[in-house]
Amino acid sequence: MGASQQCVILGRGPTGLAAALVLARAGYQPLVIGPPPRAAPSGALQLASNGFEALRQLAPQLAEQLLAQSTRLTEIEIKTLSDGTRLGHIEHGPHLYAGVSRTALSKLLVAACQNTGQVDFIDTSITHITEQAGGARLLTEQGEILLADQVLATDGPHGVGRQFVAPQQTPRATTQLALRASLPKAAVPAGFASPATRLWLGTACHLVSYPYGPDGTVNLVLALTPRAGDSADQAARSQLSSSSVLGWLAEAVQVWQPTPLWQASVLDCWRRGPVVLAGEAAHLMPPHLAQGFGQSLMDIAALAEALADEDLPRALSRMAAARAAAAARIARRAETAGEVMRLGQPAASWRDKLLGLTGGAVLDSFLADVWQLPELPEARS
Ligand SMILES: Cc1cc2nc3c(=O)[nH]c(=O)nc-3n(C[C@H](O)[C@H](O)[C@H](O)COP(=O)(O)OP(=O)(O)OC[C@H]3O[C@@H](n4cnc5c(N)ncnc54)[C@H](O)[C@@H]3O)c2cc1C
């Protein structure tokens, strides 16, 4: 058992890495603990204007590098999954919205942490946390004990951080799966590769597609509830093969990667003793508004702001207090969006008619509120 670490970050996902960067720049020496990824994180995510603005405030150079390796998306196009009827569109105008490779994001964050010379990493998992004498005692999977004055747990919704802070609030699964796949630009029709997000609304299911990365690889996420006994691939094929415009996808994608979808769950209180949560550990939300990581960046931006005039324990508390209600509001909106996207018949037809009549204006005003930019201090170089 060594000396007590001032600040341990649990989890080396994008939230943990962004937090490590901010703490190092504020003069701390964070120790990041987490298993090294077995493979480079696959696929992509959409980073909307609020998340991008938070990243720019935290690390302007990194935000520019990420943008250079991403596809800037100009609009969201909404169509029916059955026959591709265009229901409406939302233009992003001057606001940044991009398809971002998860690998590029992770590599840039790791490199930025390493460049500070202040961030240490330990490749292991923590199996147990206890509170002890004003700090935390962390048990590694090798049976070693680490002491920490403060722990920022960014180890996701199923990690030990959340179990320690809110043991009663275990995330609950839904029956829905997100089936993920990527296709090279050359394997998709031209319309698919243009720089837009496409939302294809079906009956009790929807598909989202958008290009990402400089080469315009297309990311696909199909959300559905498989019939009992169906594999992910069977469920995707049976859903897509009935579409007159997306039937080709049933053949083009050989393997869909299933990810369970969870009910939204944002904790009211993100701190217990020396452990504070951030990122998906604190606010689990369905991916239907593409806000999960953007909200995590807003957590870390709030931490950076608080660190400018508070010590670490107070800054962590201030971040948690500032972000809990805001993240809960977005999570509720993501749940609502999910409910609308998985409507069955006849409600799905009414939804499509309404969207068609308003040309997406209903969705536009719903999203404008979600994409409100964070109020942050001046960017640091
Ligand atoms: C289908 C889908 C699509 C999505 N699309 C978008 C999108 O378009 N835009 C967007 O902004 N967000 C999106 N998201 C959400 C986004 O992926 C998450 O918000 C983001 O990955 C969360 O990052 P995180 O660092 O908080 O958690 P994670 O990425 O879950 O990282 C947690 C880390 O903690 C580590 N860990 C776990 N347990 C332990 C332990 N016991 N000890 C030590 N380390 C541990 C893990 O190994 C991992 O590295 C999507 C999510 C899904 C499922």
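These are my notebook entries on a ligand shell, a helix pair and some strand pairings in a predicted model.

**Entry 1: the ligand**

I started with the residues around the ligand and found 34 of them. Gly11, Gly13, Gly156, Gly279 and Gly292 come nearest. Next I looked up which elements give two or more residues to this shell, and they are helix 1 (14-25), strand 3 (44-47), strand 12 (173-183) and helix 9 (292-307). Helix 9 gives the most, with four residues. I also sorted the shell by class: 13 residues are nonpolar, 17 are polar and four are charged.

**Entry 2: helix 2 and helix 3**

How do helix 2 and helix 3 pack, and at what angle? I found an angle of about 135° between helix 2 (residues 49-58) and helix 3 (residues 60-68), with their axes 5 Å apart. Helix 2 is therefore oblique to helix 3. On the helix 2 side I noted Phe52, Leu55 and Arg56, which meet Pro60, Leu62 and Ala63 in helix 3. The residues of this contact divide into five nonpolar, no polar and one charged.

**Entry 3: strand 12 and its partners**

I came back to strand 12, which I had already met in the shell around the ligand. Which bridges join strand 12 to strand 15? I found seven, and strand 12 and strand 15 (residues 217-224) run antiparallel. Strand 12 also runs antiparallel to strand 16 (residues 257-262), and five bridges join them. I then followed Leu179 to both partners. Its bridge partner in strand 15 is Leu222, and in strand 16 the bridge partner of Leu179 is Pro258.

Key:
Residues numbered from 1 in each chain as written. Predicted model: local features only at pLDDT ≥ 70, side-chain atom pairs only at ≥ 80, totals over all residues. Near = placed C-beta within 6 Å. Nonpolar A, V, L, I, M, F, W, Y, C, P; charged D, E, K, R; others polar. Axes fitted to C-alpha atoms, helices over the stretch in contact; angles between N-to-C directions. Parallel < 35°, antiparallel > 145°, perpendicular 65-115°, else oblique. Contact = placed C-beta atoms within 7 Å. Pairing = 2+ DSSP bridges.
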